[in-house]
Amino acid sequence: MTEIKLKLKKLPKFPLEAESITPDNFAGKTLDAIKKLPLYHGNENTVIGDYFSVSGKSGNVNNTKIVIDGDLSNVKRIGEQMSGGEIIINGNVGMHVGNNMSGGKILVNGNADDWAGAMLQGGELEIIGDAGHYVGAAYRGNWQGMKNGVIKVKGKVGNESMLWARSSKPANRWPMLYCGSAGPFLGTHNHGGTIVVEGDCDRCAGADQARGIIVIKGKVSRKLPSFKRIGEVKEIDLPNGEKITGKFIEYSGDHSVSKESTGKLYIAA
Amino acid sequence: MVERKLRTISDVICPFCGTLCDDLEVDVDIKEETIVEIRNGCQIGTKKFFSSNPSGHRYTKPRIKENDSFKEVSWDEAFDKAAEILISAKRPLLYGFSSTECEAQSKGVELAELLGGILDNTASVCHGPSLLAIQDVGAPMATLGDFKNRADLVIFWGSNPVHAHPRHLGRYSEFVRGYFRKDGRNDRFIVVVDPRNTHTAQIADLFIQIKPSEDYELLNAIRAMVRGVELDEKEISGVPMEKIKELVNILKTCNFGVIFFGMGLTQSLAHHRNIDAAISLVRELNDHTKFLLMPMRGHYNVTGANIVFAWNTGYAYSIDFSKGYPRYNPGEFSSVDLLMRDEIDASLIVASDPASNFPAASVKNLFKHPLISIEPHETPTSANADINFPAAIAGIECEGTAYRMDSVPIRLRKVKDAPGKCLSDKEILEKLIEKIKEKKGE
Ligand code: SF4
């Protein structure tokens, strides 16, 4: 792998829109050309070179690795629509990291702001700290959000994560979210997404879930009344072949969407 | 005694709340150009008309703040200073627009695009969640006349029209006689769902007192029960199962039902998800009977602001022009969120008073940066502005178009002249745009 290093030189006053920072955009470019890629700062056009020092070398998309250092909590859209390669972010990162990515890997060694991995189409996003609201969610007005790929968040995910996730059996696409704990309305309008929460979860998990699996290994602050208890289980099969063992109560739902629901919610007994 | 000479104007539209009553009668003193009497208006609407008369709170000349005190300046000087502030800003916020008319609103869009700024209206803090939910699941609505003539079941969920839309009940939803509801109130069954025993709740046939911010669970349960699912629970959101069963039965057996929902539903926890569930419930009830819903819009032309912004940019509120084209994302580009993160460097507030309504922390950040206000009266926002543009009040001192809560456009009337040197919001924005273009050399 060839490596490109970016280091934030100064903190932006307004959020920097950095959708140009992807292996796809960097691939095959000289350092000078990379420094000239656009970054929006408010309504002002700036370039990567204004805010970052750039070193290293790029290769083709799939073996380009971008390592970014500095406090990027006000830098948005890193890794937007990337299709391959790798990004490692050493620090906190702003909104929309890895949104719409279809391949490759992003690792955030810190916290991520809202809409991390929104509308993910493939690839892997790993966040070592907490993530904001709408992790892996659909953007406003979209009926199909995350369609494939994996998001792993060590800490907490905020409100409405995995909103409108959609799997496809014929296309073998199984969107997955693993997280430490979760805010309210996790997996709302779920259409086949799989969510595993290691710890606790706030109210209304699986609201409007048509199908899919949500596993909560901790407590739930308020379960929706439209989920019906089926019984106790000791083993849960996930669509990617993984097995989870433990003592869980199995619920079906959301029955506000249909009387016979294939959606499942498991809460630790 | 000197006789007062009056001019009476009838069929005046009330520019206060989203009910947009169109039957007011106004007497104006011809010599003084002041309003002396209003007939047919409710208390809050009438107050607005009287507030247009010259008073210590009414601005009549442009002002600029210098060393913490205001000095009156010429229009030219004020435009010049405002243009300078806005041109040098990298992330200007244009906010308000819901209490003015549509032409001024579309000028706001033009200005935001010209500046590469952020454009937002008050839906951002009232019915924005309704718009989000409508984008997710659609919305079965009708005009208010339909409800008046047909509805035999009226539900007020998280809304209190007795205080917020006083004549709504008399004109459309409760006492009024309709074509198929000849006996008025007796032909309608009224349900109120609210955590408080409001004055609207006190005139209802059925009052469902719900725990605060647990509306989603109740809507969710009702939806499942409408589908015939037996739930495990005994009580939901503080409402006993028996009562919910009674309500479900009422919902399924009416001829024509409507839910009028207010900010009790949009601005309690769960926000747009509440509306999502309410809309889905209404959609599902149409398998059994005829059912619709309607947001109780507050500002008289907030519906217009959403419509005007949407036909110009594709989006109803929270629009960012910083890249030269409109982008939309409430949460990211909505005013309160922007201000909480201190992401702006100048603001233009049109016909609105965010300082009284926004969270204190965000108002602090608003005041940190240059603030220009276009506003007829002294408000906590305009008093803290750097430039005051005195505006004529749309619908009283100038004409224009406004959209009623059911999206019916109504032409506002002018009943009197504005005091002093006031210009209409539209004229002020037009001149500001001209000045900015001139300075930018466009
Ligand atoms: S109900 Fe609303 S529109 Fe009608 S008079 Fe009162 S304030 Fe004005």
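This report on a predicted model covers an open sheet in chain B, two helices that lie against that sheet, and the surroundings of B:Asn329.

## The sheet in chain B

Five strands of chain B form an open sheet in the order β10-β9-β8-β13-β14, and their pairing is parallel. The edges are β10 (206–209) and β14 (290–295) of chain B, each of which pairs on one side only. From one strand to the next, the twist averages 15°.

Within this sheet, β8 (residues 153–157) and β9 (residues 189–194) of chain B are joined in the parallel sense by five bridges. B:Trp157 has B:Val193 in β9(B) as its bridge partner.

## Helices on the sheet

Helix α10 of chain B, residues 241–253, packs on the sheet and touches β8, β9, β10 and β14 of chain B. The direction of α10 makes about 130° with that of β10(B).

Helix α12 of chain B, residues 271–285, lies across β13 (256–261) and β14 of chain B. Relative to β14(B), helix α12 runs at about 155°.

## B:Asn329

B:Asn329 sits in the loop of chain B between β16 (327–328) and α14 (335–340). The relative accessibility of B:Asn329 is 3%, so this residue counts as buried, the cut-off being under 20%.

Apart from neighbours within four places in sequence, B:Asn329 is in contact with residues of chain A, namely A:His96, A:Trp115 and A:Arg140, and with B:Ser318 and B:Ser334 of chain B. With A:Arg140, the side chain of B:Asn329 also makes a side-chain polar contact of 3.3 Å.

Technical notes. Residues numbered from 1 in each chain as written. Chains lettered and ligands numbered in written order. Predicted model: local features only at pLDDT ≥ 70, side-chain atom pairs only at ≥ 80, totals over all residues. Heavy atoms only, no water. Helix = DSSP H or I, 4+ residues; strand = E, 2+ residues; numbered from the N terminus. Buried < 20%, exposed > 50% of the residue type's maximum accessible area, 1.4 Å probe, protein only. Polar contact = N/O pair within 3.5 Å; in protein donor to acceptor, adjacent residues only side chain to side chain. Contact = heavy atoms within 4.5 Å. Pairing = 2+ DSSP bridges. Axes fitted to C-alpha atoms, helices over the stretch in contact; angles between N-to-C directions.
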